[in-house]
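Visitor: I have a model open and would like to talk it through with you, piece by piece. Could you start with how the chains are arranged?

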Protein chains: 2
Amino acid sequence: MTNETMKIPQATAKRLPLYYRFLLNLHSSGKQRVSSAELSEAVKVDSATIRRDFSYFGALGKKGYGYNVNYLLTFFRKTLDQDELTKVALIGVGNLGTAFLNYNFSKNNNTKIEIAFDVDAGKVGTVMGDVPVYHMDELDKKVVEEGIQVAILTVPSAVAQPITDRLVQANIKGILNFTPARLNVPNSIRIHHIDLSVELQSLIYFLKHYPTDTETEEA
Amino acid sequence: MTNETMKIPQATAKRLPLYYRFLLNLHSSGKQRVSSAELSEAVKVDSATIRRDFSYFGALGKKGYGYNVNYLLTFFRKTLDQDELTKVALIGVGNLGTAFLNYNFSKNNNTKIEIAFDVDAGKVGTVMGDVPVYHMDELDKKVVEEGIQVAILTVPSAVAQPITDRLVQANIKGILNFTPARLNVPNSIRIHHIDLSVELQSLIYFLKHYPTDTETEEA
DNA sequence: TGAACTTTGTTTCTATCTTCACAAATAACT
DNA sequence: AGTTATTTGTGAAGATAGAAACAAAGTTCA
């Protein structure tokens, strides 16, 4: 039941980074222990769900006490591979892309945008928020060279598929897709879609059709 | 079973805007009919799931034929209230906020960012991408005045909760929250969280722990 | 030390969502 | 007109997720 190689539920996996971030906060505020009830209040996830989530990794807590913040943090750091840096490329330095370049992902994370690409001559050659911007023509070469595994795709949707094809060729493993395009990729490649206008639309749909209901979770 | 007031599954509701957008594309490309299999290929949702989703609204298709694009489009336009404009406020004109101001939501949608707020004196009083920027002090007054129901929250997480409290006071009904903060609101208010760094982290977790698996859907 | 309190881990139940698989209906073709 | 090919809509089964509830194990405090 507590097998290292066992697959945990996807829903649980999506919550892990949330738990991890909150534990970091607790740690830096000097807190030594925490209960599933406290965690629940903070991350807005039912306490039974949290205990269940944790239990997939074994018995991490102590009855009548709760969880030791340090122990949990160390455990999750290992589980989330926080010690191994994952190199990320940003494709498309438009408004949204620029937001990412200035967003400090590596603060709490093992994640760093190493390189960005765009076709705009005014941007190519510059360094934006610590990240060098290269021309899109160099995409294939650079991604392979740097061994980049993850791409954040913030290009116009018309070019999303051709660029994705090149990323696949260049051995990328995962794509965070912010374009409305639904991409065709071999299924060895994982894509997470974040579709801003769908998010807004569905929020509005819920407002109009599900009045005064419970909260919904994110992407 | 095909009751107008019946609540459809949340999972279905989240896919409706996706279907709607693709139908718009089909329509403008002149296509007259479409099958669930074609739709499936395009939006990457199992065809049985699509037929099931549609069936909550009644029998929209014809056996052996598929769906009439125009009919479907008209139906969804009504269902998604695309004729009634929803006013949206953008709170926090940083990098991410600016991206939204330049993102043309209203193109395919009934949604328009009407007004933006920030504390930066350099931004207050300007018009960014068609949207006037007001000082955060005017938030409460303006939101009530304009009858704004939805807010996109792109402020630093430290101020997310106090600003949310003010939005609640100003009778907002839904919030699209891009800050990492988990907001406390009365449960008459609907919040969708989009947590960019959690998205990136969980993508990476899946890459490392679920090699060569099926695709996952978005928020 | 012992009684009262706390909190986990898990068993069980329930809800929600997805997919299979196929009858029924229609379209297309000869 | 009749035969073959499509494609829907849905019953039934399966898969995944969420929450209640409680015994067991520990903590706290007098």
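**Two copies and their DNA**

Guide: Chain A can be superposed on chain B with an RMSD of 0.1 Å by a turn of 180° and a shift of 0.0 Å along the axis, where the fit is by least squares on the C-alpha atoms of residues with pLDDT of at least 70 in both. The two copies are thus related as by a two-fold rotation axis. This is a predicted model, in which local features need pLDDT of at least 70 and side-chain atom pairs count only at pLDDT 80 or more, while totals for chains, interfaces and linings use all residues. Residues are numbered from 1 along each chain as its sequence is written, chains are lettered from A and ligands numbered from 1 in the order in which they are written, and side-chain values use heavy atoms, with hydrogens and water left out.

Visitor: Why do the copies meet through the same surface?

Guide: Because 100% of the interface residues of chain A are also interface residues in chain B, the copies meet through the same surface.

Visitor: How is chain A divided into domains?

Guide: Domain 1 of chain A covers 10-78 and domain 2 covers 86-198, with bounds that come from an automatic or database domain assignment. Taken over C-alpha atoms, the centres of these two domains of chain A are separated by 31 Å.

Visitor: On to the DNA. Which residues come nearest to strand C?

Guide: There are 28 residues around DNA strand C, and the nearest of them are A:S36, A:R52, A:G61, A:G64 and A:Y67; a residue counts as near if one of its heavy atoms lies within 4 Å of the strand. Of the atoms of DNA strand C within 4 Å of the protein, 66% belong to sugar or phosphate and the rest to bases.

Visitor: What do the side chains of B:R51 and B:R52 reach on that strand?

Guide: An N or O atom in the side chain of B:R51 is 3.3 Å from a base nitrogen of DNA strand C, and one in the side chain of B:R52 is 2.9 Å from a base oxygen of the strand. The elements that give two or more residues to this surface are α3 (47-55) of chain A together with α1 (10-28) and α3 (47-55) of chain B, helices here being DSSP runs of H or I with at least four residues and strands runs of E with at least two, numbered from the N terminus.

Visitor: And A:Y67, what is that one next to?

Guide: The side chain of A:Y67 has an N or O atom 2.8 Å from a phosphate oxygen of DNA strand C.

Visitor: What about strand D, which residues are closest there?

Guide: DNA strand D is surrounded by 28 residues, of which A:R52, B:S36, B:R52, B:G61 and B:Y67 are the closest. Sugar and phosphate make up 63% of the atoms of DNA strand D that come within 4 Å of the protein. A base nitrogen of DNA strand D is 2.7 Å from an N or O atom in the side chain of A:R52, whereas backbone N or O atoms of A:A11 and of B:L60 each lie 3.1 Å from a phosphate oxygen of the strand.

Visitor: Let me change topic. Is A:T179 buried or exposed?

Guide: A:T179 is buried, with a relative accessible area of 3%, where buried means under 20%, exposed over 50% and partly exposed in between, using a 1.4 Å probe and protein chains only. The residue lies in the loop between β8 (174-177) and β9 (190-193) of chain A.

Visitor: Which residues does A:T179 touch?

Guide: Apart from its neighbours within four places in sequence, A:T179 is in contact (heavy atoms within 4.5 Å) with A:L153, A:V155, A:S157 and A:A160. Its side chain also forms a polar contact of 2.8 Å with the side chain of A:N177; such a contact is a pair of N or O atoms within 3.5 Å, where within protein one must be able to donate a hydrogen and the other to accept it, and residues adjacent in sequence count only if both atoms are side-chain atoms.

Visitor: Last one: where is B:L80, and what is it in contact with?

Guide: B:L80 is in the loop between α4 (69-79) and β3 (86-91) of chain B, and counts as buried at 5% relative accessibility. Leaving aside its neighbours within four places in sequence, B:L80 is in contact with A:Y205, B:L16, B:P17, B:Y20 and B:N110.
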